[in-house]
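Q: Please go through this structure with me, and set each label against the criterion behind it.

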Amino acid sequence: MAFGDVKTPKGLQELNKFLAEHSYIEGYTPSKADLSVFDALGKAPAGNVPHTQRWYRHIASFSTQERNAWGGQAVSQAAKSAPPAAADDDDDVDLFGSDEEEDEEAQKIRDERVAAYAAKKSKKPALIAKSSVLLDVKPWDDETDMKKMEECVRTIEMDGLVWGAAKLVPVGYGIHKLQIMCVIEDDKISTDELSEKIEGFEDYVQSVDIAAFNKI
């Protein structure tokens, strides 16, 4: 098929017109004729020649070795794209071994991740439930030494107990009550037990009430 000089506008248009209805220069597969025109063009053509540009990109997609192998013999697209046939050797085929190895490896990875997570979690400090408690400690009368009462209360030491601020609050007739704050660990301290210990100072304490109780 003669197109004249395909590097001239006229020859290029003739080639574009031909490729509008044909996939290759000759036949239905790439051949030596395609290689000749491809080499004659030298590079992708510019201008309004979409069919030639499509054909050029397609031929350029083959490797140099593939194009050189055409040499007048057509190369089918199927042969170009088909993967090499696997060797027919039943002795080398393991239908089950690979899956078992993959399963074992996957299980090993899962076990390692679980162990790592457990180790990381064990290093985190356990969350300790605490509460803030405001106690009203009432004296017997207005002659009770309130300073001494507070000192006695603060002598109570228990694992999970921390004393806070305190103040005297008037209740009438010249009598004041001791209002004292403390923080307790819920699993270690019982407010009933703490109240009993405070009421144990019978010379100063008449009774103990919980004025406020809040989880921290």
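Q: In this predicted model, which residue of β4 is the bridge partner of S131?
A: The bridge partner of S131 in β4 is K215.

Q: What makes β1 and β4 a pair of strands?
A: Two strands pair if at least two bridges are found between them, and nine bridges join β1, residues 130–139, to β4, so the criterion is met. The two strands run antiparallel.

Q: Why are β2 and β4 called edge strands?
A: The four strands form an open sheet in the order β2-β3-β1-β4, with antiparallel pairing. Strands β2 (161–172) and β4 (205–215) each pair on one side only. From one strand to the next, the twist averages 20°.

Q: Which helices lie across the strands, and at what angles do they run?
A: Helix α7, residues 146–154, lies across β1, β2, β3 and β4 and runs at about 15° to β3, whereas helix α8, residues 191–199, lies across β1, β2, β3 and β4 and runs at about 150° to β4.

Q: Why is the aromatic pair of F38 and Y56 called stacked?
A: Ring centres must lie within 6.5 Å for a pair, and planes under 30 degrees apart count as stacked; for F38 and Y56 the values are 4.6 Å centre to centre and 20° between the planes, so both conditions are satisfied. A search of the whole structure finds one aromatic pair.

Q: What does the pair of F38 and Y56 tie together?
A: Because F38 lies in helix α2 (residues 32–41) and Y56 in helix α3 (residues 50–60), the pair ties together parts that are 18 residues apart in sequence.

Q: Are F38 and Y56 buried or exposed?
A: Both F38 and Y56 are buried, which means that each has under 20% relative accessible area.

Methods
Residues are numbered from 1 along each chain as its sequence is written. This is a predicted model: local features need pLDDT of at least 70, side-chain atom pairs count only at pLDDT 80 or more; totals for chains, interfaces and linings use all residues. Side-chain values use heavy atoms; hydrogens and water are left out. Axes are lines fitted to C-alpha atoms, for helices over the stretch in contact, and angles run from 0 to 180 degrees between N-to-C directions. Contact means heavy atoms within 4.5 Å. Rings of Phe, Tyr and Trp (its six-membered ring) pair if their centres lie within 6.5 Å; planes under 30 degrees apart count as stacked, over 60 as edge-to-face and the rest as tilted. Buried means under 20% relative accessible area, exposed over 50%, partly exposed in between (1.4 Å probe, protein chains only).
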